[in-house]
2 protein chains.
Amino acid sequence: MPPSRRPSRIQTRNRAAILDAALDVFSAHGFRGATVDQIAKAANLSKPNLLYYFPSKEDIHNALLEQLLDTWLAPLRALDETGDPLEELLAYVHRKLQMSRDFPRESRLFANEIVQGAPRIHAALSSDLKTLVDTKTDVIRGWMDAGRIARVHPYHLIFSIWSLTQHYADFDVQVRAVLGQEDPFATAPEFIDTLYRKLLSPP
Amino acid sequence: MPPSRRPSRIQTRNRAAILDAALDVFSAHGFRGATVDQIAKAANLSKPNLLYYFPSKEDIHNALLEQLLDTWLAPLRALDETGDPLEELLAYVHRKLQMSRDFPRESRLFANEIVQGAPRIHAALSSDLKTLVDTKTDVIRGWMDAGRIARVHPYHLIFSIWSLTQHYADFDVQVRAVLGQEDPFATAPEFIDTLYRKLLSPP
DNA sequence: CGTCGCTTTGACCAGTTGGTCAAATCATTC
DNA sequence: GAATGATTTGACCAACTGGTCAAAGCGACG
């Protein structure tokens, strides 16, 4: 087991390689579908060597999820109560869409976990996630009360942003199968921008 | 192997029980995460008995997917060129949302398959699905040309409907973790209705 | 350059999993 | 109710998988 002292250069390099490889494999096959051998090979390590850095398959997965939830919620955290409501929400939507383009593996890792009932992060959903969403929907409700954006169901608004943006990462194969050559991310921003402007522009 | 003659009553009953059990298990754990034993137990059969009806795990999965794609696309097929554009599209959205409520297992089976790269139905996506979507986007484009609904990117419009509606089935745990007691399907229809009315109402 | 602790590995193990098979049981038909 | 074919099952197998371990390799430091 790696010592708890300051990690050596080799430690840092190998742990990073493992997490990157594991992200590849877990996001493509789900937890159960991924094998330690696959991950080890993708990280250019032998299986025992990999297990020297992470004592079990589950530990790797946990490390990924832990690291993920924070970055995943960062865009919502950044929603600023003092900014212009419509522009704040649009900025959130665009940040989220960019994450789907730039970090599709992370999105799919998350999707795999949730679709299968979130067995490993259910607690975090009901605590951290719910708390954050409750806070932000309060802000949004405030904006609606002040008549600065149209009134819609705040929670469903958030859900719609999640689903619309993550769809381009999670269902990438389907999107590309339908679109053919056209790059989804070339035209998606404008569509989504229009959608939320029309939905939220004050009456 | 079951004979190709007309299936007996036992055949019909057991094959149905297997497919139902398999839908439970596959949708909850993905293909790789599901075990034949699990399915057999859920169907109240011994494993060899189950394999008497379906020669392999993959055959069960294929049977499910095959049956699924048709029913899954039925709501889009029903989109009627001769109807009122906005109402037709709204009807489609609501049909799709109801499928998420009534057939969440089917939705998750599909989601599992697509998120993991659609290894088993990629061909069908590029042929059947694409053909259908192309046909229907032509219809939609026609409506836009005639000024009967607002002009937006037709493909992204379809994607948005898929993602918004299926989200309630695929990410059910997350939605419920955030919403708490409130039933998602009590408030979702109105939200989505509003969204598409605002997006599509002619200028 | 020798030592000591970090890193790497080949060989191995026990549990699981998809699938087989011969034999037993059951249902139908004559 | 005997014969025939459909259905069911316990026992079994080979491949795979997560994980272990003792021993070998390697690098930094005195």
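**Two protein chains and two DNA strands**

Chain A and chain B bury about 4,700 Å² between them, and carbon and sulfur atoms give 69% of that area. On the side of chain A, the residues that lose the most area to chain B are A:Val115, A:His156 and A:Val178, which together make up 15% of what that side buries. The model is a predicted one, and the values below are computed from it.

Counted by residues, the interface joins 53 residues of chain A to 53 residues of chain B. What kinds of polar pairing does the rule find across the interface of chain A and chain B? The rule finds 0 salt bridges there, but 17 residue pairs in polar contact, with both residues at pLDDT 80 or more. A salt bridge here requires a side-chain nitrogen of Lys or Arg within 4 Å of a carboxyl oxygen of Asp or Glu.

Which helices of chain A supply the side that touches chain B? At least two residues each come from helix 1 (9-33), helix 6 (104-115), helix 7 (122-145), helix 8 (154-170), helix 9 (172-179) and helix 10 (184-200). The most is given by helix 8 of chain A, with 12 residues. By class, the residues on this side of chain A are 28 nonpolar, 19 polar and 6 charged.

The next point is how the two chains are arranged. A turn of 180 degrees, with a shift of 0.0 Å along the axis, lays chain A on chain B with an RMSD of 0.1 Å. The two copies are therefore related as by a two-fold rotation axis. Both copies use the same surface, since 100% of the contact residues of chain A recur in chain B.

The DNA can be taken one strand at a time. Around DNA strand C there are 18 residues, of which A:Ser8, A:Gln11, A:Arg32, A:Tyr53 and B:Lys57 come nearest. Both chains thus appear in that list. Helix 1 and helix 3 (47-53) of chain A, along with helix 3 (47-53) of chain B, each supply at least two residues of the surface near DNA strand C. That surface has 8 nonpolar, 7 polar and 3 charged residues.

Which part of DNA strand C lies within 4 Å of the protein? Sugar or phosphate accounts for 53% of those atoms, and bases for the rest. Individual side chains illustrate each kind of partner. A polar side-chain atom of A:Asn14 is 3.0 Å from a phosphate oxygen of DNA strand C, while one of A:Asn49 is 3.1 Å from a sugar or linking oxygen of that strand. From the other chain, an N or O atom in the side chain of B:Lys47 is 2.9 Å from a base nitrogen of DNA strand C.

DNA strand D is also surrounded by 18 residues, the closest being A:Lys57, B:Ser8, B:Gln11, B:Arg32 and B:Tyr53. Here helix 3 of chain A and both helix 1 (9-33) and helix 3 of chain B each supply at least two residues of the nearby surface. The classes near DNA strand D are 8 nonpolar, 7 polar and 3 charged.

Of the atoms of DNA strand D within 4 Å of the protein, 54% belong to sugar or phosphate, with bases making up the rest. Phosphate oxygens of this strand lie 2.8 Å from a polar side-chain atom of B:Arg32, 3.2 Å from one of B:Ser46 and 3.1 Å from one of B:Asn49.

Terms used:
Residues are numbered from 1 along each chain as its sequence is written. Chains are lettered from A and ligands numbered from 1 in the order in which they are written. This is a predicted model: local features need pLDDT of at least 70, side-chain atom pairs count only at pLDDT 80 or more; totals for chains, interfaces and linings use all residues. Side-chain values use heavy atoms; hydrogens and water are left out. Contact means heavy atoms within 4.5 Å. Buried area is the accessible area (1.4 Å probe) that two parts lose on being put together, summed over both. A polar contact is a pair of N or O atoms within 3.5 Å; within protein, one must be able to donate a hydrogen and the other to accept it, and residues adjacent in sequence count only if both atoms are side-chain atoms. Helices (H or I, at least four residues) and strands (E, at least two) are DSSP runs, numbered from the N terminus. Ala, Val, Leu, Ile, Met, Phe, Trp, Tyr, Cys and Pro count as nonpolar, Asp, Glu, Lys and Arg as charged, and the others, Gly among them, as polar. Copies are superposed by least squares on the C-alpha atoms of residues with pLDDT of at least 70 in both. A residue is near a molecule or strand if one of its heavy atoms lies within 4 Å of it.
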